[in-house]
Amino acid sequence: MDPVVAEVAAMVARLGALAVDSAPAADADRIDRIAVFERMRSALAAAQQAEMVAFARSQVEAQIVDDRLDPAAVGRGIGDQIGLACRVSPFHGSRRLG
């Protein structure tokens, strides 16, 4: 398994456990947790977007190397694949990449 996938999957499992077993805490601690979760959400969105752009670049480069492809068709299907990975429609996959 890819090390990045393994690490993120472990974090997701740990966060899932935290959601189920929420420890008692003072309100100030809960606000701190909410702030940290928000920073995590932003960092995750940035990492996901960077991965989508890197995937798209890789796909376009592979399509350009294949001389059989019509130049007007370069890039087609990338949003479909992103949509599949994100479990959204191909339209929304393309929008996320955009």
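**Close-up views of a predicted model**

The structure holds 1 salt bridge, and we start our tour there. Please keep in mind throughout that this is a predicted model.

**View 1. A salt bridge joins Glu-38 and Arg-41.** The side chains of Glu-38 and Arg-41 meet here, with a distance of 3.7 Å from N to O. Both residues belong to helix H2, and because they are 3 residues apart, about one helical turn separates them. How exposed are the two partners, Glu-38 and Arg-41? Glu-38 has a relative accessibility of 40% and so counts as partly exposed, whereas Arg-41, at 58%, counts as exposed.

**View 2. Nonpolar side chains form a patch on the surface.** Leu-15, Leu-18, Val-36, Phe-37 and Met-40 make up this nonpolar patch, which covers about 370 Å². Helix H1 (3–20) and H2 are the elements that give two or more residues to it. The largest share, 3 residues, is provided by H2. If you would like one member to settle on, try Phe-37, which sits in helix H2. Phe-37 has a relative accessible area of 42% and is therefore partly exposed.

**View 3. The largest pocket is lined by residues of H1 and H2.** H1 and H2 are the elements that give two or more residues to the lining of the largest pocket. The volume of this pocket is about 690 Å³. Its lining counts 16 residues, and those closest to the centre are Val-8, Met-11, Val-12, Leu-44 and Ala-47. Which element gives the largest share of the lining? That is H2, with 8 residues.

**View 4. Gln-63 is a buried residue of helix H2.** Helix H2 spans residues 27–65, and Gln-63 is found in it. Is Gln-63 buried or exposed? Its relative accessible area is 16%, so Gln-63 is buried; the cut-off for that label is under 20%. Setting aside neighbours within four places in sequence, we find Gln-63 in contact with Leu-69, Ala-73, Val-74, Gly-75, Arg-76 and Ile-78.

**View 5. Phe-55 of helix H2 touches Ile-78, Gln-81 and Ile-82.** Those three contacts leave out residues up to four places away in sequence. Phe-55 itself lies in helix H2. At 30% relative accessibility, this phenylalanine counts as partly exposed. Another pair to look for is Phe-55 and Ala-85: they are 30 residues apart in sequence, and their C-alpha atoms are 12 Å apart in space.

**View 6. Ser-58 and Ala-9 have C-alpha atoms separated by 24 Å.** Along the chain, these two residues are 49 residues apart. Ser-58 is another residue to be found in helix H2. With a relative accessible area of 40%, Ser-58 is partly exposed.

**View 7. Arg-87 has a positive phi.** Most residues other than glycine have a negative phi. Arg-87 is not a glycine, yet its phi is positive, at about 60°. Where does Arg-87 sit? You will find Arg-87 in the loop between helix H3 (78–86) and helix H4 (90–97). Its relative accessible area is 79%, so Arg-87 is exposed.

Notes
Residues numbered from 1 in each chain as written. Predicted model: local features only at pLDDT ≥ 70, side-chain atom pairs only at ≥ 80, totals over all residues. Heavy atoms only, no water. Helix = DSSP H or I, 4+ residues; strand = E, 2+ residues; numbered from the N terminus. Buried < 20%, exposed > 50% of the residue type's maximum accessible area, 1.4 Å probe, protein only. Contact = heavy atoms within 4.5 Å. Patch = residues over 30% accessible without salt bridge, like charges linked within 9 Å, V, L, I, M, F, W, Y side chains within 5 Å. Areas by Shrake-Rupley, 256 points an atom, 1.4 Å probe, with all protein chains shown as cover. Salt bridge = Lys/Arg side-chain N within 4 Å of Asp/Glu carboxyl O. 1 Å grid on protein atoms, 1.4 Å probe; cavity = no way out; pocket = protein on both sides within 12 Å on 5 of 7 lines; lining within 4 Å. Points joined across faces, edges and corners; volume = space filled by probe spheres on them.
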